[in-house]
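Q: Please take a close look at one part of this structure and explain, for a first-year student, how that part is placed among its surroundings.

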Amino acid sequence: MKHNNIKIDMNEVYIPYTTKRKPYAQDKGCCLQKNDVAVMVLCDGAGSCRLSHYGAEGMSRYIAEKFMSKWHRYRDMFSDDIKRNIYLDMVEEIVDLPVIYRKEFGDTEENKDITYEDFGSTLMAVITDGITGMGIHLGDGAILRSNEDGARIMSYPMNGTRPGTTYLTSHVTAIDHFRFFRFRCKEDDNIALVTDGVELHQEKQIRQICGCMNKTELELAVRANLLPDDASAIKMTIRRQEADSAALTQQNNAEENRWKDRERLQKALMKK
């Protein structure tokens with residue numbers, strides 16, 4: 001289904017050169033856009049995993065491609081089924097990463113002991129057609145949203161059981177902390193994925209981050225201490241051009257009713 005009156009801008013990407021000890025950035029992102037559907041994914045490689053930069057890059061690209069290819073099927077599925085499908089895609093990629101890495105860099109003595117646990121990262125993703133959207137989140141970082149209704153955090157950071165830890169794609173218990181949500185798009189929606197530095201931010205700061213329109217403004221946000229200097233962000237803006245507001249509202253309501261009906265049916269089936 002095409003919505004020619006809806007435009008999605010997703011060119012604002014900030015992946016900094018890390019100031020940490022390792023000479024490469026552990027934050028990796030991927031943005032894809034096809035017709036009226038856009039997806040953005042951001043992964044923060046774990047410092048405790050020696051090849052997390054490679055894992056974050058592979059995972060962000062793989063999840064973006066899978067999310068995009070399955071979008072139209074997901075729109076008619078139960079939330080729990082979508083969550084399980086995306087989780088299985090994540091597991092498939094993390095298990096394959098050691099083999100992919102050896103093919104690219106050689107099956108050397110140094111690489112023989114590599115396991116999937118060396119590629120762990122956090123995972124955030126949002127996909128939308130400008131009418132409705134879905135998001136997934138594992139670990140810390142946050143998904144922010146700003147529009148005419150205000151600014152808020154759509155998905156909060158989730159830390160591990162010990163200070164300085166979080167949940168990663170390489171953890172066997174990742175499914176217990178894997179979050180999925182749906183949303184309806186608003187006029188001039190601004191949605192941002194941010195790896196670090198939003199735990200204490202209030203509405204004003206969230207709105208400022210979401211209001212950054214390009215890489216330069218995101219860099220200025222870092223310098224203004226809105227984000228720490230090792231943070232990464234990807235942002236999309238949804239604009240409606242000459243939209244028929246009544247038709248869009250009716251379509252939004254129809255989509256929401258479909259979700260509610262499916263969720264009620266699923267709960268009723270689970271009770272039997």
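A: In this predicted model, helix α2, formed by residues 79–105, lies across the strands β4, β5 and β8. The direction of α2 makes an angle of about 125 degrees with that of β8.

The strands beneath this description belong to an open sheet. Five strands make up the sheet, in the order β2-β3-β4-β5-β8, and their pairing is antiparallel. At its edges are β2, residues 27–34, and β8, residues 179–184, each of which pairs on one side only. On average, neighbouring strands of the sheet are turned by 10 degrees against each other, if direction is ignored. As a general point, the strands of a sheet pair through backbone hydrogen bonds, and the pairing may be either parallel or antiparallel.

Two of the pairings can be followed in detail. Strand β5 is joined to β8 by six bridges, and the two run antiparallel. One residue pair illustrates this: histidine 137 has arginine 179, in β8, as its bridge partner. Although β8 is an edge strand, β8 is mostly covered, with five of its six residues buried. The other pairing is that of β3, residues 37–44, with β4, residues 123–128; these strands also run antiparallel and are joined by five bridges. Here methionine 40 has valine 126, in β4, as its bridge partner.

A second helix also lies across the sheet. Helix α1, residues 52–74, lies across β2, β3, β4, β5 and β8, whereas α2 lies across β4, β5 and β8. Strand β5 comprises residues 132–138, and α1 runs at about 25 degrees to β2.

How do the two helices meet? Their axes come within 9 Å and cross at roughly 140 degrees. An angle over 145 degrees would count as roughly antiparallel, so α1 and α2 are classed as oblique to each other. The crossing of α1 and α2 is right-handed. Sorted by class, the residues in the contact of α1 with α2 are 14 nonpolar, three polar and six charged.

A single residue brings this region into closer view. Glutamate 93 lies in helix α2. Its relative accessible area is 6%, and the limit for a buried residue is under 20%, so glutamate 93 counts as buried. Leaving aside residues up to four places away in sequence, glutamate 93 touches Gly58, Met59, Tyr62 and Ile100. For glycine 58, the separation along the chain from glutamate 93 is 35 residues, while the C-alpha atoms of the two are 7.9 Å apart.

Another buried residue may be set beside this one. Isoleucine 209 is placed in helix α3, residues 203–211. With a relative accessibility of 1%, isoleucine 209 counts as buried. Its C-alpha atom is separated by 9.5 Å from that of isoleucine 191, which is 18 residues away along the chain.

Finally, these parts may be set within the chain. The chain has 272 residues, of which 52% count as buried. Its secondary structure consists of five helices and 10 strands. Among contacts between residues at least 6 apart in sequence, 73% join residues at least 24 apart.

Methods:
Residues numbered from 1 in each chain as written. Predicted model: local features only at pLDDT ≥ 70, side-chain atom pairs only at ≥ 80, totals over all residues. Heavy atoms only, no water. Pairing = 2+ DSSP bridges. Helix = DSSP H or I, 4+ residues; strand = E, 2+ residues; numbered from the N terminus. Axes fitted to C-alpha atoms, helices over the stretch in contact; angles between N-to-C directions. Contact = heavy atoms within 4.5 Å. Buried < 20%, exposed > 50% of the residue type's maximum accessible area, 1.4 Å probe, protein only. Parallel < 35°, antiparallel > 145°, perpendicular 65-115°, else oblique. Left-handed = near helix turned anticlockwise from the far one by under 90°. Nonpolar A, V, L, I, M, F, W, Y, C, P; charged D, E, K, R; others polar.
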